[in-house]
Amino acid sequence: MRKAAQADVELVLPSDLVVAPEIDAGERAQIVHDVGRDQMALDIGPRSTERFAGAIGSARTVVWNGPMGVFERPAFAAGTQGVAEAIGALGAAAFTVIGGGDTASAAARAGITNRVTHVSTGGGASLELLSGAILPGVAALTERR
């Protein structure tokens, strides 16, 4: 948060969450601002989804690594679906990368994979590359020269 402030970059964090006592209790899901001890945060809430989509809508580069919640369960899929739709709506106006198997699955479920620049199932590798690390496969190819 300090680095974002120093770089004058807005850090968008969730302000509301969808919670339930357990993953299989979707019928008991509720939207909260503070997670109780007997609750699990399982998705971002509607206000957070709207804020994230708004930030994405003005972006020219998006790297998405990780779904917003337990998107495989209908009660906890709205945040991921909303973010995916916002990314898909950018189309050719932005450079968009989806990193990670779960995120790729969420993008496929949302029907946006044909509207993004690149889909990688290597989530951890994607994050390492973005952090500046040299990936072992790339290092091996470079050394063979």
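Hi everyone, this is a quick walk through one sheet, one salt bridge, a surface patch and a serine.

Before we start, this is a predicted model, so local features need pLDDT of at least 70 and side-chain atom pairs count only at pLDDT 80 or more, while totals for chains, interfaces and linings use all residues. Residues are numbered from 1 along each chain as its sequence is written, and side-chain values use heavy atoms, with hydrogens and water left out.

Okay, the sheet. Three strands make an open sheet in the order 2-1-3, with antiparallel pairing. Strands here are DSSP runs of E with at least two residues, helices are runs of H or I with at least four, and both are numbered from the N terminus. Two strands pair if DSSP finds at least two bridges between them. At the edges sit strand 2 (30–32) and strand 3 (40–44), each pairing on one side only. From one strand to the next, the twist averages 45°; axes are lines fitted to C-alpha atoms, and angles run from 0 to 180 degrees between N-to-C directions. Strand 1, residues 17–20, pairs with strand 3 over four bridges, and V18 stands opposite D43 in strand 3.

Next, the salt bridge. How many does the structure hold? Just one, taking a salt bridge as a side-chain nitrogen of Lys or Arg within 4 Å of a carboxyl oxygen of Asp or Glu. The partners are D24 and R73, with their closest N and O atoms 2.4 Å apart. D24 is in the loop between strand 1 and strand 2, and R73 is in the loop between strand 4 (61–64) and helix 3 (78–90), so the pair ties together parts 49 residues apart in sequence. D24 is exposed, at 56% relative accessible area, whereas R73 is partly exposed at 34%. For those words, buried is under 20%, exposed is over 50%, and partly exposed is in between, using a 1.4 Å probe and protein chains only.

Now the surface. M1, L11 and L13 form a nonpolar patch with about 340 Å² of accessible area together, from the Shrake-Rupley method with a 1.4 Å probe. Patch residues have over 30% relative accessible area and no salt bridge; nonpolar side chains are joined within 5 Å, like charges within 9 Å. M1 comes in the segment before helix 1 (2–6) and is exposed at 74%.

Last stop: is S120 buried or exposed? S120, in strand 6 (residues 118–120), is buried, at 18% relative accessibility. The S120 side chain reaches the backbone nitrogen of G122 at 3.1 Å.

Definitions and conventions
A polar contact is a pair of N or O atoms within 3.5 Å; within protein, one must be able to donate a hydrogen and the other to accept it, and residues adjacent in sequence count only if both atoms are side-chain atoms.
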